[in-house]
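The exercises below are to be worked with the sequence and the coordinates side by side. Each task is followed by a solution that goes step by step.

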Amino acid sequence: MNFKEKNRQINKEAKITVGLYVFFFIWWFAFAYGLGLRDISEYTYILGFPAWFFYSCILGYVVISALLAFVVKKYFKDIDFDDNNGEDKNNG
Amino acid sequence: MGNMMILIPMILYLLLMFGIAIYTNSRSSDNGNFMEEYFIGGRSMGGFVLAMTLIATYSSASSFVGGPGVAYSTGYAWILLSMIQVPTAFLTLGVLGKKFAIISRKINAVTVTDYLKARYDNHFIAITTSIAMIVFFSAAMVAQFIGGAKLFEAVTGYSYVTGLIIFGISVILYTTIGGFKAVAITDAIQGVVMILATTFLLVAIVNAGGGVENITAKMIETNPNALTPTAGGAVSIPFILSFWVLVGFAVLGLPQTTIRCMGFKDSKSLHNAMVIGTVVVGFLMLGMHLVGALGAYVVPGLSGDGAIPGITVQILSPVLAGIFIAGPLAAIMSTVDSMLILASASIIKDLYLNYGKGKVQEKHLNRISFITTGIIGLIVFIFAINPPSIIVWINLFAFGGLEAAFFWPTILGLYWKKANADGAMLSIILGIGSFFIFTIYSIKPFGMHQIVPTLIIALIAFVIGSLFGRKNSEATIKLFWEE
């Protein structure tokens with residue numbers, strides 16, 4: 001990869017990272033306040049935890065970890081950090 | 001004597017840290033480039049060490065004692081808040097990692113200021129960011145020391161000063177001797193200790209309470225608000241959302257975080273660190289805050305910063321308590337050590353070499369670096385014995401102040417070609433300035449934390465300065481974009 005290709009790949013990875021970040025935010029927010037703002041008498045429980053907490057925090061944590069592992073493996077590339085002045089080095 | 005049983009595992013642990021520092025020092029002393037070895041560990045961190053050092057650096061006293069202490073009184077809402085920190089690790093590494101890896105190798109950067117200097121080529125920026133870093137870090141280190149010594153006092157029964165001497169001296173010594181590499185390796189071990197400590201305590205508290213269902217039943221009976229995501233209205237949504245800025249994405253601006261993106265070995269280390277970091281930080285946040293929230297219904301009658309030490313002493317056997325207490329102490333030490341090495345780097349590299357003596361011999365530099373690190377450590381230590389109120393006051397601004405100063409210049413410098421020195425300067429001045437004003441007069445628009453309006457103002461300032469200010473030199477564009 002030459003410098004420009006590296007830069008393009010890095011920008012792409014940064015966008016994917018931000019996307020995952022936003023995904024976790026929405027998941028966290030939607031379950032916490034979607035399920036949690038009702039009256040306590042209507043709460044359901046999973047493994048002893050309030051359902052909103054189970055989905056938002058516990059499941060959310062598991063989901064983001066798994067998704068991250070998958071995305072990193074699939075879309076992130078090996079980039080040589082040393083300056084190779086645009087010479088072709090096919091390690092991507 | 002219960003006291004000794006807690007103390008012995010702790011001291012063994014500290015001796016181990018010390019041994020590591022001596023080992024790294026003896027191994028790296030024959031390498032040619034002292035600065036790169038001492039301040040950035042020769043850019044050799046692997047994935048596991050990178051993940052752990054990043055986590056250990058930003059999980060401080062507050063993640064182990066402060067936060068869970070609040071969860072103790074508010075309940076699940078505070079766990080929800082703590083989970084905001086989970087994606088921070090992968091965001092930092094994913095956005096900054098490779099950019100910094102490339103540019104720091106190109107310009108031989110060992111500090112964040114090195115990068116800012118190369119990007120903006122401006123003395124004002126280099127000097128103000130260095131000074132901001134030294135001042136804020138010193139105050140933050142004193143605060144961490146105070147937290148650690150208080151915790152030590154609460155758990156072991158020995159005095160505040162004894163605690164300060166035991167762990168304060170060890171952290172100063174191993175950082176001074178071993179440099180960044182010792183910091184990173186001890187951070188990794190401390191990360192493991194934090195995981196173990198969290199696991200022990202969580203299992204113990206759930207067992208002691210007769211299972212989660214039982215504890216929840218008690219919660220419904222005595223304090224149902226603790227089950228809600230707003231703690232019955234005490235934790236408002238705008239308030240919690242601003243933490244997505246303060247301990248969320250604005251952490252990208254913290255120099256102690258960004259510097260780690262200059263120190264790892266290769267792409268694979270980075271990829272692994274993103275995953276490991278997220279898994280571990282999630283476990284620690286969830287685990288420790290659950291201990292706090294559930295603990296309130298197992299070991300009642302405690303409060304605030306006393307909650308976690310109180311729970312520890314009551315439900316763990318002394319030896320386990322000794323190992324556990326090493327967890328938060330590890331968190332504190334690993335925060336202090338990275339600030340200490342950075343403050344030292346900033347004085348030597350950013351100020352002394354740039355604006356002081358200029359050329360210094362390698363061997364000489366070696367000694368100056370050891371001495372500087374040691375002296376900063378000692379000053380912080382002395383302040384912590386009897387903290388002057390000015391330090392406590394400055395510490396209030398440390399976290400947000402650093403974010404206000406560094407966030408936009410760091411991020412936009414990497415990703416926006418038009419970002420220039422005038423924009424960065426305006427952003428730093430107005431950012432720090434407005435953060436101070438908002439905090440002093442406690443101005444909180446819509447119930448949000450001060451950091452939110454601060455960063456908005458700093459962004460506007462940055463964009464205006466960059467659009468209307470002086471253009472970047474061709475050399476800068478060539479260096480960063482090769483065009």
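The term pLDDT denotes the predictor's confidence in each residue, from 0 to 100. This is a predicted model, in which local features need pLDDT of at least 70 and side-chain atom pairs count only at pLDDT 80 or more, while totals for chains, interfaces and linings use all residues. Residues are numbered from 1 along each chain as its sequence is written, and chains are lettered from A and ligands numbered from 1 in the order in which they are written.

**Exercise 1. Confidence**

Task: State what mean pLDDT each chain has, and in which element of chain A confidence is lowest.

Solution: Begin with the complex, to which the predictor gives an ipTM of 0.91 and a pTM of 0.90. Chain A averages a pLDDT of 90, with 90% of the residues scoring at least 70, and chain B has a mean of 88, with 97% of its residues reaching 70 or more. Next come the elements, where helices (H or I, at least four residues) and strands (E, at least two) are DSSP runs numbered from the N terminus. In chain A, confidence is lowest in α1(A), at a mean of 95, and highest in α2(A), at 97. Finally, residues 86–92 of chain A stay under a pLDDT of 50; the model has 10 contacts beyond four places in sequence for them, two residues being in contact if their C-beta atoms, placed from the backbone, lie within 7 Å.

**Exercise 2. The contact between the chains**

Task: Determine how many residues each chain gives to the contact, and which element of chain A gives the most.

Solution: Chain A contributes 38 residues and chain B contributes 37 residues. On the side of chain A that touches chain B, the elements giving two or more residues are α1 (3–36), β2 (49–50) and α2 (51–75), and α1(A) gives the most, with 14 residues. Sorted by class, that side has 28 nonpolar, five polar and five charged residues, where Ala, Val, Leu, Ile, Met, Phe, Trp, Tyr, Cys and Pro count as nonpolar, Asp, Glu, Lys and Arg as charged, and the others, Gly among them, as polar.

**Exercise 3. A helix pair across the interface**

Task: Describe how α2(A) and α13(B) pack, and which residues meet.

Solution: Axes are lines fitted to C-alpha atoms, for helices over the stretch in contact, and angles run from 0 to 180 degrees between N-to-C directions. The axes of α2(A) and α13(B) are 9 Å apart, at an angle of about 175 degrees. That makes α2(A) roughly antiparallel to α13(B), a label for angles over 145 degrees. Among the residues that meet are Tyr61(A), Ile64(A) and Leu68(A) in α2(A), and Met274(B), Thr278(B) and Leu286(B) in α13(B). By class, this contact has 11 nonpolar, four polar and no charged residues.

**Exercise 4. A helix pair within chain B**

Task: Find at what angle α6(B) and α13(B) pack, and what their relative direction is.

Solution: Helix α6 (residues 88–107) and helix α13 (residues 267–295) of chain B pack at about 160 degrees, with axes 8 Å apart. The two helices α6(B) and α13(B) are therefore roughly antiparallel to each other. The residues that meet include Phe90(B) and Leu93(B) in α6(B), with Met274(B) and Thr278(B) among those in α13(B). The contact of α6(B) with α13(B) has seven nonpolar, four polar and one charged residues.

**Exercise 5. Annotated spans**

Task: Find what helix content chain A has over residues 20–37 and 49–72.

Solution: The unreviewed UniProt entry lists both spans of chain A under "transmembrane region"; such annotations may be inferred rather than shown by experiment, and positions are given in the numbering used here, with feature names shortened. Residues 20–37 of chain A are 94% helix and 0% strand, with end C-alpha atoms 25 Å apart. Residues 49–72 of chain A are 92% helix and 8% strand, and their end C-alpha atoms lie 31 Å apart.

Definitions and conventions:
Angles under 35 degrees count as roughly parallel, over 145 as roughly antiparallel, 65 to 115 as roughly perpendicular and the rest as oblique.
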